[in-house]
Amino acid sequence: ARVTELFCNFCATGVGKTEMAESLARALCWPQKFFPLGQSGGGTGTLAWKLFGPEPGYVGSQTGGELTQFLRANPESVIVFDEFEKPLHNDPTFFQSLLNLLSEGRVKDNSCGQTYDASHCIVIFTSNLLAHEPDLDHLDGAQLKSLLGAQTGLPQEFLGRIRGVVPFRGLQPIEVEQIAKNIVGGMLTKFLAHNQLKHVHVDKV
């Protein structure tokens, strides 16, 4: 078994990659977990211990890994790995654990030895890579994977497990305006409903 769907979304910061994942989780009524891999520190194995649990006897082994324990409680969920490419270069332990998740659809918690099902999850990798590459719209999935591999050095073993590669273009002013209206409109609707007030159009606020 493999994870239900596996996507790689990339482009500049602030174009909606994370928001898309959150919207997907809301639409499915599934929990969502965000892992900012680009902010992880420490040496080799540190990130793998954090997500998949340290070996018994080490600090943190009583609580297990953040990812494994989340999957234990939420076998149907949306999982986001942000800036996924950064630790894959210098943490082979994490890379191998991630490959097991993608190829087998399950993960093992190193602390307790239990294996948890991930075959019903949607896994999304996000990155700011290729943010300055022009004319990505005309490339197909295979070409985007090749370009991604050339810029990151990620092995085909990993890229081959990604089912969809989705480039996000920069937002236009009219799109930013519409997003702002949607956000404010949602907040206003909740406020009005909570206070039992009549609806007001966002354009008039």
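A disulfide is a pair of cysteine sulfur atoms within 2.5 Å. With that in mind, we can start our walk through this predicted model: the structure holds 0 disulfides. Two of the cysteines are still worth finding on your screen. C29 counts as exposed, at 69% relative accessibility, while C112 is partly exposed, with a relative accessible area of 45%.

Now let us go to the inside, beginning with helix α3, which covers residues 66-73. Four of its residues, L67, T68, F70 and L71, are buried. Seen around the axis, these four cover an arc of only 160°, which means they sit on the same side of α3. A general rule helps here: an α-helix has 3.6 residues a turn, so residues three or four places apart point the same way. Turn the helix around, and the face pointing away from the buried side carries R72 and A73, which are exposed. What do the buried residues of α3 pack against? Their neighbours are β2 (32-36), α2, β3, α5, β4 (106-108) and β5 (115-117).

L67 makes a good stop on this helix. Leaving aside residues up to four places away in sequence, L67 touches F35, L51, F52, I79, F81 and L101. L67 also belongs to the largest nonpolar core, which has 35 residues. Within that core, L51, L67, F81, F84, F125 and F158 touch the most other members. The elements that give two or more residues to this core are β1 (5-10), α2, α3, β3, α5, β6, α6 (141-152) and α7. Among these, α5 gives the most, with 6 residues. Apart from this core lies another one, of 6 residues, which include A21, V78, V80 and I122.

The residue I122 leads us to strand β6, residues 122-127. Of its 6 residues, 6 are buried, so β6 is largely enclosed by the rest of the structure. In a regular strand, the side chains alternate between the two faces of the sheet. Are the faces of β6 covered or open? Both are covered: I122, I124 and T126 are buried on one side, and V123, F125 and S127 are buried on the other. Beside this strand you can find β3, which pairs with β6 in the parallel sense over 5 bridges. One place to see the pairing is I79, whose bridge partner in β6 is V123.

Our last stop is the aromatic rings. The structure holds 8 aromatic pairs. One of them joins F52 and F94 in a tilted arrangement, with 6.4 Å from centre to centre and 45° between the planes. This pair links distant parts of the chain, since F52 lies in helix α2 (residues 46-52) and F94 in helix α5 (residues 92-104), 42 residues apart. F52 is buried, with a relative accessible area of 2%, and F94 is buried too, at 0%.

Another pair, F84 and F158, is stacked, with 5.8 Å between the centres and 20° between the planes. F84 lies in the loop between β3 (78-82) and α4 (85-90), and F158 lies in helix α7 (residues 156-159), so this pair ties together parts that are 74 residues apart in sequence. F84 is buried, with a relative accessible area of 0%, and F158 is buried, also with 0%. Finally, look for the group around these rings: F35, F81, F84, F95, F125 and F158 form one aromatic cluster.

Technical notes:
Residues numbered from 1 in each chain as written. Predicted model: local features only at pLDDT ≥ 70, side-chain atom pairs only at ≥ 80, totals over all residues. Heavy atoms only, no water. Phe/Tyr/Trp six-rings, centres within 6.5 Å; stacked < 30°, edge-to-face > 60°. Buried < 20%, exposed > 50% of the residue type's maximum accessible area, 1.4 Å probe, protein only. Arc of directions from axis to C-beta. Contact = heavy atoms within 4.5 Å. Pairing = 2+ DSSP bridges. Core = buried A, V, L, I, M, F, W, Y, C linked by side-chain atoms within 4.5 Å.
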